[in-house]
Amino acid sequence: MGLQLPAETNGEVGGSVTFTPENLPSTEIAIIAWQAETLAGKSNIVSGSPDSPVISPGYTDRVVFDKNSLSLELLNLTPNDSGTYTFTVTSSGGSDLDARTSLNVYELISDMKLTGPEEELIEGESSATLTSRGSGNITSIEWMKDNTPLNPSENIIFSPDNRAVSISPVQRSDSGEYEVKYSNPVSSGTSTLRLTINYGPEDVSVEGPEVVDLGIQMFLFCSATSEPSASFSWTFNGTDTGHTLGEALQLPAETNGEVGGSVTFTPENLPSTEIAIIAWQAETLAGKSTIVSGSPGSPVIFPGYTDRIIFDKYSLELFNLTRNDSGTYTVTVTSSDGSYVNAETSVNVYDIIRNVQLKGPEEELIEEIISDMKLTGPEDELIEGESSATITSEGSGDITSIEWMKDNTPLNPSENIIFSPDNRAVSISPVQRSDSPEVVDLGVKITLSCSAMSLPPASFSWTFNGTDTGVTTNKYTIEETDITNTGEYTCTAFNSITNRRDSQNHTLKVQQGGAGGGGLSPGAIAGIVIGVLLAVSGICGLIVYLVKTKKIPKIELGSSREASRAESQRAEENEIHYADIRHNKRKKGDRVEMANISEPRTEYAEIRHEANSRENPPPYGSQR
């Protein structure tokens, strides 16, 4: 293999990066040169013989050159250092070898804050807007609720820039902890906010005997579903008894602890009357047991807990936790007049996750990112439509959540992407080119076009990495690509009469020209038409095409007759291939794959809907 550098390197403002060339020539190296083409312009960094190189002005205090490995360390990074870096070696025989890498410099994510409503929220009546803010180069924004991805729904709407979430009207299920995460390739930041939705009281019930003997003590117990907890009062035959216990006794709904650690239970809303007896009981994996019972001032600690608890009048601390301590804990408070209230909480005890490893395709250990994690994938070459790929992860401990990402976007199951039952592995069969991004050159003009079958005609909107672009036409144009244009573009078509909408995604990667991979040369156009189906009754027909040409043609989108005439005029200039795919009914999740053609030509994929079709489609490459 020839001289090599990593395809891409990411760095942070104020930090440093090191470029280390691989596969150096075995012959004697006479001259080396490091050059840069960045946002600040073209410049020479260092050149000369490896033993006595000359560092150019402007880099004197910013680079460290290693004459042994010929590596270059660039210090005190700024955003203007983003660009392409080229390393050239000249052997004593006069032959040259070079390699390139791209550098992206990001500002660290900082000053994260998540704010929400300050007033009390009432179920079915109130609305809530959560607003996030932060600074730095933000390439991805994710929202979570109770450690689970937050998705849009009928009452949950995300702002176009994904920085705010509106919930209207709020429901009790919207109570919980919300988290927003800003990230870029070198840093991330999070902020959390807890929402409490008030509701009730409802489902009020009274428990107790209906017939009792004369002269005995009797208790009636009242409960209600309410947030916050309801206060209670009693009447007897319509006359107030004066008997109240205020709000119901409360404990947190759930408490988590680690093996060997401790948890503390502190009841709230204790009754205002004198407390005669308090009791703590547990129903755990080890069985039912009483922990402590008696008067708050002189309680009795039961065997098995003598050396494991600290009791402070009402609160209970349990330490030296084991897995068997997981279960339900109940506190019962009895007043001097004989009335009682109780509350319960659940405890989950987890092993600490350790020894997690991440493996790459070449079995390399990436200790800098996640310590000792492993992720394995296929080592052989993958061919579209033929190969299958299985990616397997490894780790140990009590793992409660596993998330998969592709190109900084959550990876979801589809027709060819299947997750294992334990979510530790992903199978892709067969692999498609969409499983890797469309690659175009740096500094070229790109046009993404979106089309949809809809009556009346659909309206269009575009997002980039989940953020609204403000473009509302069927075309999205990038006049001159740069590295920041790399990501996922989504076109959404909307029919205002049927109230239906549908979307198609297209992943684009911008890289320096000459690196291979079918990128466009400077000044070329990539026109990508994304098909979205909105017809009222099934699929009537969709043509999706990708055009790459050396010149910028003038394309008029008119009637189907005009389009046919235009195609016939170009028939002699372009190579045309057809693929005819027939099916009876569109299934949810069907998608059209984008072509990736390095030569100037046009490819068509035609999808037709027919009730009964016996005609076989023409072979790929044939002409009609």
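The protein chain contains one helix and 48 strands, where helices (H or I, at least four residues) and strands (E, at least two) are DSSP runs numbered from the N terminus. The model is a predicted one, in which local features need pLDDT of at least 70 and side-chain atom pairs count only at pLDDT 80 or more, while totals for chains, interfaces and linings use all residues. Residues are numbered from 1 along each chain as its sequence is written, and side-chain values use heavy atoms, with hydrogens and water left out.

Of the 624 residues of the protein chain, 34% count as buried; here buried means under 20% relative accessible area, exposed means over 50%, and partly exposed lies in between (1.4 Å probe, protein chains only). The chain exposes about 35700 Å², of which carbon and sulfur atoms supply 48%, the areas coming from the Shrake-Rupley method with a 1.4 Å probe and, for residues, with only the protein chains shown counting as cover. Among contacts (heavy atoms within 4.5 Å) between residues at least 6 apart in sequence, 58% join residues at least 24 apart.

One open sheet is formed by four strands in the order E14-E13-E17-E18, with antiparallel pairing; two strands are taken to pair if DSSP finds at least two bridges between them. Its edge strands are E14 (148–149) and E18 (187–195), each of which pairs on one side only. Strand E13 (residues 140–145) pairs with E14 over two bridges in the antiparallel sense, and Lys 145 stands opposite Thr 148 in E14. Strands E17 and E18 run antiparallel and are joined by nine bridges, with a hairpin of two residues leading from E17 to E18; within this pairing, Glu 177 has Arg 194 in E18 as its bridge partner.

Two residues of strand E17 (residues 176–184) were examined in detail, beginning with Gly 176. This residue counts as buried because its relative accessibility is 5%. Although Gly 176 and Asp 146 are 30 residues apart in sequence, their C-alpha atoms are 6.1 Å apart in space, and, when neighbours within four places in sequence are left aside, Gly 176 is in contact with Asp 146, Leu 193, Arg 194 and Leu 195. Asn 184, which also lies in E17, has a relative accessibility of 8% and therefore counts as buried. The side chain of Asn 184 reaches the backbone oxygen of Asn 137 at 2.8 Å, and a polar atom of that side chain lies 2.9 Å from the backbone oxygen of Glu 107. With neighbours within four places again left aside, the contacts of Asn 184 include Tyr 106, Ile 109 and Thr 139.

A further set of paired strands involves E43 (residues 487–495), in which seven of the nine residues are buried, so that the strand is largely enclosed by the rest of the structure. Strand E40 (residues 459–464) runs antiparallel to E43 and is joined to it by six bridges, one pair of bridge partners being Ser 461 and Thr 492 in E43. Nine bridges join E43 to strand E44 (residues 500–511), again in the antiparallel sense, and Tyr 489 stands opposite His 506 in E44. The hairpin formed by E43 and E44 has four residues between the strands, and Asn 499 in the turn has a positive phi of about 60°.

The structure holds six salt bridges, each defined as a side-chain nitrogen of Lys or Arg within 4 Å of a carboxyl oxygen of Asp or Glu. Glu 123, Arg 172 and Glu 202 are linked in a network of such bridges. In the pair of Glu 123 and Arg 172, the closest N and O atoms are 3.0 Å apart; Glu 123 lies in the loop between strands E11 (121–122) and E12 (128–135), and Arg 172 in the loop between strand E16 (164–167) and E17, 49 residues apart. Glu 202 and Arg 172 meet at 2.9 Å, N to O; because Glu 202 lies in strand E19 and Arg 172 in the loop between E16 and E17, this pair ties together parts that are 30 residues apart in sequence. Glu 123 is partly exposed, with a relative accessible area of 23%, as are Arg 172 at 30% and Glu 202 at 28%. A further salt bridge joins Arg 308 to Asp 325, with the closest N and O atoms 2.5 Å apart, and both of these residues are buried.

Conventions:
A polar contact is a pair of N or O atoms within 3.5 Å; within protein, one must be able to donate a hydrogen and the other to accept it, and residues adjacent in sequence count only if both atoms are side-chain atoms.
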